[in-house]
Amino acid sequence: MNPPLQNPKPKTQNTLAIFVSPHFDDIALSCGGTAARLARMSARCIAVTVCAAPAPEEESLSSYAQWLHGRWETAGSTGTRPVNNVRRDEEKTALRLLGLEPVWLDVPDAPYRRNSSGEPFYTSDEKLFGNVAQEERRVLVPRIADEIRRIALENGGERGRVRVFAPLGVGRHVDHQLAYWAAQRLGPRFGVLYYEDYPYAAKEDAVMRRLMELNIVAQPRLMPISELIGIKIAAIGKYKTQLEVLFGDPAAMPSAVRDYARSAAASENGVEYGERMWQLYAPYSIGMA
């Protein structure tokens, strides 16, 4: 049985908060309220978007990547502008609303990436939400972890506290799994908390299935966001290319976000909306803290 939710009271003086986002939109969707709270408490908040690079121009897109492009272009009415440019603009607008600084890594989305033989790694939804290719895990995980360390060092993290928020990997999207494994390599000084990947986490038992898969000691921590739920919803609304893909009907987004935030806070008296994070402990650390 999991221990009761804890309500952490972060000390924000000299705090650098790094939010690791697999894609444009994941911070707003999964922990936008927490990010906005910390920013408003004067923490330095940086959003590191991992898969921010455009599709490689020298390579033709796979049929799967072309299909995804079509969905994004239709939903966002991108016209003649490249999809990646539109999504970057969406991200900048949303992060400005939340109070975060954007940093973009030079990693393309999973459907664009190819193996050393030139073949696409992920060519279907089944593969996109399956196992990470070993070649990618071997190369990209340490690369992403090194980038997070570099960003922390270059932004004063060595002089004060650093708190990293990273995806738990609920839903098993391969890019979310890569970001999770990268965060696992950071070490205790980064104080990593793992956010529930929304909207995947809204599926019944999805979070518990992910924790069972990881087979690691986990403690939930509740971040109250009741007064910031409107800001979170407004930030999510900036990602017009994604709303139809994620919610079916864009008009359904606000109520869906409120419902999940309400369910996350259900066990905490007096908190209407919350975001649940998870602190993970390696087996050898049990009883040593």
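Buried means under 20% relative accessible area, exposed means over 50%, and partly exposed falls in between. This report applies those classes to a predicted model. R172 has a relative accessible area of 23%, so R172 is partly exposed. E213 comes out at 38%, so E213 is partly exposed too.

**Salt bridges**

R172 and E213 are partners. They form a salt bridge, with the closest N and O atoms 2.8 Å apart. This pair links distant parts of the chain. R172 sits in the loop between β4 (162-167) and α6, while E213 belongs to helix α7 (residues 206-214). The two are 41 residues apart.

How many salt bridges does the model hold by the rule used here? The count comes to 16. Three of these pairs are set out below.

| Pair | Closest N and O atoms | Accessibility class |
|---|---|---|
| R87 and D25 | 3.8 Å | both buried |
| R113 and D175 | 2.7 Å | both buried |
| R172 and E213 | 2.8 Å | both partly exposed |

R87 forms its salt bridge with D25 at 3.8 Å. R87 lies in helix α3 (residues 83-98) and D25 in the loop between β1 (16-21) and α1, so the pair ties together parts that are 62 residues apart in sequence. Both partners are buried. The pair also belongs to a network: D25, R87 and D109 are linked by salt bridges.

R113 forms a salt bridge with D175, and the closest N and O atoms are 2.7 Å apart. This pair, too, links distant parts of the chain. R113 is in the loop between β3 (101-104) and α4 (125-128). D175 is in helix α6 (residues 174-184). The separation is 62 residues. Both R113 and D175 are buried.

**The largest cavity**

By the rule used here, the model has two cavities of 30 Å³ or more. The largest has a volume of about 110 Å³. Its lining consists of L29, S30, E196, Y198, K232, V257, Y260, A261, A264, G274, E275 and R276.

Which elements each supply at least two residues of this lining? They are α1 (26-40), α10 (253-264) and β7 (274-281). Helix α10 gives the most, with four residues. By class, the lining divides into six nonpolar, two polar and four charged residues.

**The second largest cavity**

The second largest cavity has a volume of about 60 Å³. P56, E59, S60, L61, S62, P111, Y112, R113, R114 and P120 line this cavity. The lining divides into five nonpolar, two polar and three charged residues. R113 thus has two roles in this account: R113 is a lining residue here and the salt-bridge partner of D175.

**S62**

S62 is another residue of the second lining. Where in the chain does S62 lie? S62 is in the loop between β2 (44-49) and α2 (63-76). Is S62 buried or exposed? Its relative accessible area is 13%, which is under the 20% cut-off, so S62 is buried.

The S62 side chain reaches the backbone nitrogen of A65 at 3.1 Å. Leaving aside neighbours within four places in sequence, S62 is in contact with P111, R114 and P120. P111, R114 and P120 also appear in the lining of the second largest cavity.

Terms used. Residues numbered from 1 in each chain as written. Predicted model: local features only at pLDDT ≥ 70, side-chain atom pairs only at ≥ 80, totals over all residues. Heavy atoms only, no water. 1 Å grid on protein atoms, 1.4 Å probe; cavity = no way out; pocket = protein on both sides within 12 Å on 5 of 7 lines; lining within 4 Å. Points joined across faces, edges and corners; volume = space filled by probe spheres on them. Nonpolar A, V, L, I, M, F, W, Y, C, P; charged D, E, K, R; others polar. Salt bridge = Lys/Arg side-chain N within 4 Å of Asp/Glu carboxyl O. Buried < 20%, exposed > 50% of the residue type's maximum accessible area, 1.4 Å probe, protein only. Polar contact = N/O pair within 3.5 Å; in protein donor to acceptor, adjacent residues only side chain to side chain. Contact = heavy atoms within 4.5 Å.
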